Amino acid sequence: MRSFVHTAYPARVVFGAGTLARVGDEVERLGCSRALVAAGPSLADTATRLGDTLGPLAAARFTGAAMHTPVEVTEEALEVAREHAVDCVVAVGGGSTTGLAKAIALRTGIPQVVLPTTYSGSEVTPVLGETSQGEKTTRSAVEVLPETVVYDVELTLGLPVGLSVTSGVNAMAHAVEALYSEQANPVIDGFALDAITRMARALPAIAADPSDVDGRADALHAAWLAGTCLASVGMGLHHKLCHTLGGMFGLPHAETHTVVLPHAMAYNAPAAPETMCRVAEALGTCDAPAAVHDLVASLGGPTSLDEVGLPESELGRAAELAVAKPYPNPRELTLAGITGLLEGAWRGRRPRDRGLIDAARDTEH
Ligand code: NAD
């Protein structure tokens, strides 16, 4: 028997193709009538379409959302929100835009409708990361959880293949780490395994044809499941390492996750063999870390920290910082171990599940 505790966060999820048309109904369902339409500069046209769909329900628009949710940008958006007396925020974009919506909700208490266009999963988590004067702080509070998420597969058709791959592996990382989390539970295990299988089959389909609606639907569905994993249970080495690398060296979020994931999996594999078996099964393979590496490499990468901009001279400092504060992880974090992991990731080596290699050697002898 397995005892467990599961916390489910409330969220209304509308999933489909063309669901953008239903956003007005969702705004009214929340009892709102003056929406702030929020987006980043590259999705300004989508924000216009969203504004047109909302008609008189759209009271204002802000298209300055930026990476890592800088507080200065939030202040600008709040100014617009106050000026137009908005009573909700409707945000369309990736994790950065969702971050802006959450930051506005935290400061005003107004509800959010979020239309995700990447696979970050932020839209279903009660977590907000913000930057002020170059420093990133993260908080967890139910007040920042979006009330309604409208997944419109059509909004993701234009997500470039490279971004789809890195964002997809970012989602996969939430699912993998959920499986060996201290708070792991059977509900989240089911979500995680489904997310891994869906994402692994979706990414090659998207790379072959970015407008493949079924592939896109699989990926977006996986992103929702993986985001739910991230919301519900604590993450380990992989997320902490990416957070450290992102915060210290300004490395791009999803790309860093993409490079680090197979290496973090290989590091943890000896201490979490059962999890790695389940991940491998979900991927239809036997060596899970190698399979994730091969998937990324076959879709054009990135596979090395060198590629994403980490100077080799910083590996030692990064490793020291990564082990400075202890946190729950299946395998003990040692400076030598993390240095080795980072060196392999910097060079883009193909990581293997050591447990499998050792087992094969034992069988031979
Ligand atoms: P992002 O939101 O920064 O988007 C990356 C780029 O893709 C941007 O230039 C954006 O304009 C563009 N883009 C997004 N959707 C597009 C589309 N459909 N078509 C074309 N271009 C598109 O990247 P992200 O990886 O989604 O989010 C990263 C941020 O989210 C980071 O700040 C990260 O910390 C945060 N995040 C937070 C959580 C959480 O739970 N709080 C979870 C995951 C990520």
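1. A quick definition to start: the domain bounds used here come from an automatic or database domain assignment. With those bounds, the shell around the ligand takes at least three residues from domain 1 (12-156) and at least three from domain 2 (161-364).

2. Keep in mind that this is a predicted model, where local features need pLDDT of at least 70 and side-chain atom pairs count only at pLDDT 80 or more, while totals for chains, interfaces and linings use all residues. Residues are numbered from 1 along each chain as its sequence is written, and side-chain values use heavy atoms, with hydrogens and water left out.

3. Now the overall build: the protein has 14 helices and 8 strands (DSSP runs, H or I of at least four residues for helices and E of at least two for strands, numbered from the N terminus). Its C-alpha trace spans about 75 × 40 × 40 Å along the principal axes. Of the 365 residues, 55% count as buried, meaning under 20% relative accessible area with a 1.4 Å probe, protein chains only.

4. On to the ligand. There are 22 residues around it (a heavy atom within 4 Å), and S42, S96, T117, T118 and T125 come nearest. By class, the shell has 8 nonpolar, 12 polar and 2 charged residues. Helix α4 (residues 95-108) gives the largest share, 3 residues.

5. Which atoms of S96 and G95 lie 2.6 Å and 2.8 Å from a ligand oxygen? For S96 it's a polar side-chain atom, at 2.6 Å; for G95, a polar backbone atom, at 2.8 Å. An N or O atom in the T117 side chain sits 2.6 Å from a ligand nitrogen.

Technical notes. A polar contact is a pair of N or O atoms within 3.5 Å; within protein, one must be able to donate a hydrogen and the other to accept it, and residues adjacent in sequence count only if both atoms are side-chain atoms. Ala, Val, Leu, Ile, Met, Phe, Trp, Tyr, Cys and Pro count as nonpolar, Asp, Glu, Lys and Arg as charged, and the others, Gly among them, as polar. Buried means under 20% relative accessible area, exposed over 50%, partly exposed in between (1.4 Å probe, protein chains only).
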